[in-house]
Structure formats: C-alpha cells, structure tokens
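Reader: Hi, could you walk me through this structure? I'd like to begin with the aromatic rings, if that's all right.

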Amino acid sequence: MRSFWRERNGRFAQLAGEEGEKSEIRMDWAELEEKESGKAGEDAISAGSFAGNSEEIPIDDVDELEELEEAHDGMLEMSVIQKVTHCLPKKALKNLLMETTSVPFSARPHLYSFLALVLLYVVSSPCSASLFFNFYGASCPAAELIVSNKVRSASSSDPTIPGKLVRLVFHDCFVEGCDASVLLQGNGTERSDPGNRSLGGFQVIDSAKRNLEIFCPGTVSCADVVALAARDAVAISGGPQLQIPTGRRDGRVSAAANVRPNIIDTTFTMNEMISIFTAKGLSLEDLVVLSGAHTIGSAHCSAFRDRFQENSKGKLTLIDSSLDKNYANELTQRCPVDASDSITVLNDPETSSSFDNQYYRNLVAHKGLFQSDSVLLDDNRTRNLVEDLANDQGRFFESWSQSFLKLTSIGVKTGEEGEIRQSCSMTNG
C-alpha cells in the first residue's frame, strides 16, 4: 500500500484543494465500500482533516514517526478523493460519477482505477498549478503535523525560536519570493549577506525537513516548511491560528546581491518601506499589520544604534526625539558603546514572549525599538491604524491572518517551476 502511494507521490503532489463538504463521489464510494467489505466508509470520511487531530499523535523525534503510520495509511485514500473531487467543477463531478458507477469495487486495487479516471479530469484543471489548502492531504497527510510538532518542541527549549522563524519567512519571501532561497548555503548566497547573518531558526526547518523526507520522501518543499513554521510560531506564542495554502516549490537561485534591495532596513523612512511593500503586492495596511511581527523576537544593538550618538565622554546620547527618554535610557544601559555584538534587546519590552497587540501599544507610548517602527505612529497615513490596532487585539489578529496569507504568497513557484529539495541547504544539483 505505502509503496504504491510513494511511487505516485510526484503525481499526487499536483492534486490540491481546500477541504470542503462531502461530495457525491465520496458518498458513493462510502456506500460501495460498505456493501463490498461490510465496513462503513462514513467512519473514514468523518475523520476529517489530519490537522484536526494533531494533538493526539505527538512527534518529538524521528523514532516516533512510526506512530503516524496507521493514521497515514487510514486517511490516504479518502484524502485523495477529497482532493481531486474538490478540484473538479460540479458538472464534471456529476459526469464522473456517472462514468464510474459501473466500475467494480470488489477489491481494494480497483480504487486505483477510480482514481485514474478522476486524474483524467484533474490534470487539465487549474488545481495542478496553484497553492491550495491541505495540498499534502493525499501525498503526505502528516506534513503539517510534523512541522508543527518540531516548532513546538524547539520553542519549548529555546523561547527565541518563534521570533526567529517569523523573521525568517519575511527574509525568504521578500527576496525571490517564498521559495526557500534564503536557506541555501554557499558563497554569494542570500544567507551569506550581512543583512541575513543574524537570521536564525534554520535548525528547526532542517529538522522538520529530515523527518518529512523519512516519512514522505521528495514530497514536501522547504518553502512550505518555512511558511508553515512561521505560521505555527505565531500560534504557539498566543497569536491567531490559521490555515495557509501550500504547494510552494523550492527555488534554485539565491544571490546575496538580491538581498539589500528587497528587505526592510530598520532605518528606513515610511516612503522607503512603502516602495518595497508595494513592489511585493502588499498594501499600506499590510505594512502596518505585518510590522506587528515585532511583538516577539529580539534585535542586536546595531539595529537601533542610529537613534543615538556617542558624546565626548564615550556615552550614547539620544538624538531621536520620537523615542521615550526613559526607554532610551534602558536601551543605552543594555547596549553601551562597547557592547558585544552578541547582545540583544527584546523587540517588545512588555510581553516579549506573547504574540499580541502590545507592539502597537508600545508605539503609542513612543517605545518602538526601531526607527522603522516609530515612523508608523509619526506618519499621518498610518497613525490611525496603529492606534486602532493598539486598542483592538481582535482586529490585529484578523488583519494579521489576511496579511500573512498575502506575505506567504509572494512570488511563489508552483507546478513545474523550481524543485522539491532533498536538503534545504542545497539544490538537488
């Protein structure tokens, strides 16, 4: 059974669709299964999305992957049917049902004949070249669970991991699109650029990918792992839980020269940030909302040193009048002139480990760590939204969910573009 599906993973990886209502075809299959084997197909259908039962099957390391085998095989057939039937228009579904009612299902292998008929419809549909929710429902049902558990496990031992993973997805998607190009190692790659040398969380991505290659070899892209890990990092930090479409493919190009023109620097003016966000298809509202990622994570002293200058006594003095003086004093104590490059400061001094709207409250109190943070309050085009988000966490979470979906859809590669890397740090060659 498993060898059959693995041989066809490349084919079924193209099938995708958002989980929807039970279709006529799936109901017909359930009835036939009940007649032929005496087992009700409804039980399999009612299992629903694998993600819904994620807490029931924990994964901490490779040794525990065997615990997913039974669930994986038990869901695979129904997942494929859910996928392909959702991709088809209703008219095609009806026609397909009529054509397949005469197909005998007396033995399990006949299911594959049924799926082959469905594929004849799917391969010519738009479903094969886009991002879709539950994209791996057929080819690797446990994919999102594996990533989620790795993020959760890593974060429990290192509380800085969520902030690092969220920052990583920004630096990936803003350069070459969301294609995991930031993960590639080597001279002259994005990862080697000074602007990316302080990035972290790579070990979490690599660990999740290794597990995925054991369980579903050659199926799940590193680009999807990066996006899913960032999503999960927000959720486990108390932020909104959301579904994101998957199906991204990994890029083969990674150049350090592409980094600086495409990422936001902490010294940027509002117009400079707007220029880059607009080029990525993101709005002014997205700029304000996605800046809320600074509610978790930390930064090195050099990231806000431009707000101070050294006086004749070798002390840092505040030159940015938009920054609260007491907060500025705290920063200079943490980051004096001779501070080590390894010293970091929390982005949010109030609730640093919680993904919440405290970031915007800090801005209103003139305690934004970066110049690029403070300008959001100072600029008339964004001040009202900052104040609204500071007063309404629900609105922030709702807006974040929408903007995050847009962020993780920037410049994605799908279909025949790119590849599915075996190792996230290098192309397949």
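Reader: So how many aromatic pairs does the count come to?
Author: The count comes to 11 aromatic pairs, and please keep in mind that the model we are looking at is predicted. One of them is formed by F135 and Y136, whose rings lie 5.1 Å centre to centre with 80° between the planes, an edge-to-face arrangement.

Reader: Are F135 and Y136 buried or exposed?
Author: F135 has a relative accessible area of 7% and Y136 has a relative accessibility of 4%, so both fall under the 20% cut-off and count as buried.

Reader: And what about F396 and F397, how are their planes set?
Author: The ring centres of F396 and F397 are 5.8 Å apart and the planes are at 50°, so this pair is classed as tilted. Both residues are buried, and they also belong to a cluster linked by ring pairs, which includes F355, Y359, Y360, W400 and F404 as well.

Reader: Switching topic, which charged end sits over the ring of F202?
Author: That is the charged end of R191, which lies 3.6 Å from the centre of the F202 ring.

Reader: Okay, now helices: at what angle do helix 8 and helix 10 pack?
Author: Helix 8, residues 143–157, and helix 10, residues 202–215, pack at about 145° with their axes 9 Å apart, and the crossing is right-handed.

Reader: Which residues meet there?
Author: From helix 8, A143, I146, V147, K150, V151 and A154 take part, and they meet V204, S207, A208, N211, L212 and F215 of helix 10. Sorted by character, the residues of this contact are nine nonpolar, two polar and one charged.

How values were computed:
Residues are numbered from 1 along each chain as its sequence is written. This is a predicted model: local features need pLDDT of at least 70, side-chain atom pairs count only at pLDDT 80 or more; totals for chains, interfaces and linings use all residues. Side-chain values use heavy atoms; hydrogens and water are left out. Axes are lines fitted to C-alpha atoms, for helices over the stretch in contact, and angles run from 0 to 180 degrees between N-to-C directions. Helices (H or I, at least four residues) and strands (E, at least two) are DSSP runs, numbered from the N terminus. A crossing is left-handed if the near helix is turned anticlockwise from the far one by less than a right angle, and right-handed if clockwise. Contact means heavy atoms within 4.5 Å. Ala, Val, Leu, Ile, Met, Phe, Trp, Tyr, Cys and Pro count as nonpolar, Asp, Glu, Lys and Arg as charged, and the others, Gly among them, as polar. Rings of Phe, Tyr and Trp (its six-membered ring) pair if their centres lie within 6.5 Å; planes under 30 degrees apart count as stacked, over 60 as edge-to-face and the rest as tilted. Buried means under 20% relative accessible area, exposed over 50%, partly exposed in between (1.4 Å probe, protein chains only). A charge sits over a ring if NZ of Lys or CZ of Arg is within 6 Å of the ring centre and within 35 degrees of the ring normal.
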